[in-house]
Amino acid sequence: MMSANMSGSRLMRAIRVSEFGGPAVLKLCSDVPVPVPGPRQVLIHVRACGVNPVETYIRSGGHGRKPTLPYTPGTDVAGVVEAVGDGVTAVKAGDRVFTTATVSGGYAEFTVAAEDCVHWLPDALDFPQGSAIGIPYFTAYRALVHKARAKAGETVLIHGASGGVGVAACQLSRALGLRVLGTAGTPEGMKLALSNGAHLIFNHREEGYTDKIMEATGGAGVDIIVEMLSNVNLSKDLQMMAFGGRVTVVGARGSIEINPRDTMAKESSIMGVALFCATQEEKKECAALLYAGMEAGWLRPIVGSHYPLEKAAQAHHDIIESPGAAGKIVLTI
């Protein structure tokens, strides 16, 4: 991974993680040097940073990728370009931008990102919305297009449709011409999914909700499932598949027992989705479609809860423990 020069003379506030553990390991420090952009890097004055579930897994030490301690979490920032390193041509100082990855960490007043991870932010979107694009929309695109190879006219179930990735998947699925079914765990979340592209919504806390989903498909099942909590739902997913159906695993918080016969009955597939496996070409393709969505107006990130930087630990607690998601959680800086 590329590194950012941290020898700048200016200081900033940033969250630092010095040990893996619970949310309490997220410590606000006010004496962190402002990073200096190297060649093909961009220094951004951060105005908002999205909080993603994967950041809680990494912080706990339970994820495959373990950053070198201490580190600052955060990949999805939105803000204003402060300075650019040698060779940067895509953006300039003063531009409004959002990122899909950072080098020095986004839970901070300033961050450095590689030029190819920095994208121009249209005026129609504010900074919190800009910080809700990166992982959610690029993950939704990877799941639906690169992995499931969704075709217009197919039926998709967004299993967890009211969070950051869920809302993005609803909007994108609708734009791709799919029939969109969604689930959420609260009335607020159900309403949110319906207003962002879902044709039908189901409460996944209700007994027998999967039977209702099957009824809605006339018993045929769904072609694609975008699964946010596979350690709870994967076995049920396999029983809701249409012939040749595909489950894309976006989220997992543990293990689950499944019966492989369920895949044989419908010749269905289970696919993992990991954004960091995307090639440069795939990222460019995704960005092109998302820009089209911003121009057309169907890509409109929904921000739920705002937390100040010093409440990052609370945001990490709430994104995992809340009874139901309702939009994207962001830190405002």
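How far is the sulfur of C286 from the closest cysteine sulfur, and in which residue does that sulfur lie? The points below address this question and then turn to the nonpolar cores; the model is a predicted one.

1. The sulfur of C286 has its closest cysteine sulfur in C117, at 12 Å, which is too far for a bond. A disulfide requires the two sulfur atoms to be within 2.5 Å. Seen from the other side, the sulfur of C117 finds its closest cysteine sulfur in C286, again at 12 Å and too far for a bond. The structure accordingly holds zero disulfides.

2. Both cysteines may also be described by their accessibility. C286 is buried, with a relative accessible area of 2%. C117 likewise counts as buried, at 11% relative accessibility.

3. In soluble globular proteins, nonpolar side chains tend to be buried together. In this model, the largest nonpolar core comprises 39 residues, and L144, V156, I158 and V226 have the most contacts inside it. At least two residues of this core are supplied by each of the helices α3 (134–147), α4 (164–175), α5 (187–194) and α9 (280–296). The strands β8 (155–159), β9 (179–184) and β11 (222–227) each do so as well. The largest share, seven residues, comes from α3.

4. A second core, separate from the one above, has 26 residues, among them V25, V91, Y107 and L331.

5. V156 merits individual mention. With neighbours within four places in sequence left aside, V156 is in contact with L144, S173, L178, R179, V180, L181, I224 and V226. Two of these partners, L144 and V226, are named with V156 among the residues having the most contacts inside the largest core.

Conventions:
Residues numbered from 1 in each chain as written. Predicted model: local features only at pLDDT ≥ 70, side-chain atom pairs only at ≥ 80, totals over all residues. Heavy atoms only, no water. Core = buried A, V, L, I, M, F, W, Y, C linked by side-chain atoms within 4.5 Å. Buried < 20%, exposed > 50% of the residue type's maximum accessible area, 1.4 Å probe, protein only. Helix = DSSP H or I, 4+ residues; strand = E, 2+ residues; numbered from the N terminus. Contact = heavy atoms within 4.5 Å.
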